Amino acid sequence: KIIFRVIEMEAIRNYFKVKLPTYLKSLPLPKTFDGFLELNREQWLELLPLIIMVSILVYLAISPIFGLFRNKQKRPRINKKVKMDEDKIVTSFDVEDIGDKKVFCRCWQSNKFPFCDGSHNKHNKETGDNIGPLKITKETEENGEKEPEKKGPK
């Protein structure tokens, strides 16, 4: 393991001490900004890897700084009419109180919230969304199976 680390470090040292300085010396870097205007196509192509690498490093160094000062936009509200004065809406039911079937709203558009009144149909047509209700049914005692589901809009 020690030999491998020595060889690995020697390769890294060689790159930074020999190869990188040799590469940088071979680049056609002009002494003035006006000198960039005099570079030909081949010289610009030689500079391209360096320009890309410097651009990436500058972006990585600067983006966290500007990220701290950027205003983060809030995502749009889903609930726009149900108990707006409360911090969090929690509705609970006892299973025994539900009965044979209840259909609960998941679109926040229902005027009977937390129960579904079919308002999602209008929402889906207007937005192309596919939201629907949560339907809870009670198993029949005879065979232990759920009651057959009715097909159609709700």
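Which residues does Ser 110 touch, not counting residues up to four places away in sequence? I would like to start from that serine and work outwards, and the answer is that Ser 110 touches Lys 81, Cys 105, Phe 115, Cys 116, Asp 117 and Ser 119, where contact means heavy atoms within 4.5 Å.

Before going on, I should say that this is a predicted model, in which local features need pLDDT of at least 70 and side-chain atom pairs count only at pLDDT 80 or more, while totals for chains, interfaces and linings use all residues. Residues are numbered from 1 along each chain as its sequence is written, and side-chain values use heavy atoms, with hydrogens and water left out.

Let me give the overall picture. The protein has 4 helices and 2 strands, and along the sequence these follow the pattern α-α-α-β-α-β; helices (H or I, at least four residues) and strands (E, at least two) are DSSP runs, numbered from the N terminus. Of the 154 residues, 13% count as buried, and here buried means under 20% relative accessible area, exposed means over 50%, and partly exposed lies in between, with a 1.4 Å probe and protein chains only. The protein exposes about 14200 Å², of which carbon and sulfur atoms supply 57%; accessible areas come from the Shrake-Rupley method with a 1.4 Å probe, and for residues only the protein chains shown count as cover. Among contacts between residues at least 6 apart in sequence, 40% join residues at least 24 apart.

Now back to the serine. Ser 110 sits in the loop between β1 (101-104) and α4 (119-127), and because its relative accessible area is 3%, Ser 110 is buried. Its side chain makes a polar contact with the side chain of Asp 117, at 3.4 Å, and a polar atom of that serine side chain lies 3.5 Å from the backbone nitrogen of Phe 113. A polar contact is a pair of N or O atoms within 3.5 Å; within protein, one must be able to donate a hydrogen and the other to accept it, and residues adjacent in sequence count only if both atoms are side-chain atoms.

The backbone of this loop deserves a look as well. Most residues other than glycine have a negative phi, and most peptide bonds are trans. The peptide bond from Phe 113 to Pro 114, however, is cis, with omega near 15 degrees, and Pro 114 is found in the loop between β1 and α4. Trp 108, whose place is also in the loop between β1 and α4, has a positive phi, near 65 degrees, and with 22% relative accessibility it counts as partly exposed. Elsewhere, Lys 83 has a positive phi near 45 degrees; this lysine lies in the loop between α2 and α3 (95-98) and is partly exposed at 43%.

How many aromatic pairs does a search of the whole structure find? The search finds 4, where rings of Phe, Tyr and Trp (its six-membered ring) pair if their centres lie within 6.5 Å, and planes under 30 degrees apart count as stacked, over 60 as edge-to-face and the rest as tilted. One of them joins Phe 36 and Trp 44, a tilted pair at 5.9 Å centre to centre with 35 degrees between the planes. Phe 36 is partly exposed at 27%, and Trp 44 is partly exposed at 36%. Another brings us back to our loop: the ring centres of Phe 104 and Phe 115 are 5.5 Å apart and their planes are at 25 degrees, so this pair is stacked. Since Phe 104 lies in strand β1 and Phe 115 in the loop between β1 and α4, the pair ties together parts that are 11 residues apart in sequence. Phe 104 is buried at 10%, whereas Phe 115 is partly exposed at 29%.

Finally, the surface. Leu 45, Leu 48, Ile 52, Met 53, Ile 56, Leu 57, Tyr 59 and Leu 60 make a nonpolar surface patch of about 810 Å². Patches are made of residues with over 30% relative accessible area and no salt bridge, with like charges joined within 9 Å and nonpolar side chains (Val, Leu, Ile, Met, Phe, Trp, Tyr) within 5 Å; a salt bridge is a side-chain nitrogen of Lys or Arg within 4 Å of a carboxyl oxygen of Asp or Glu. Within the patch, Met 53 belongs to helix α2 (residues 41-69) and is partly exposed, at 46%.
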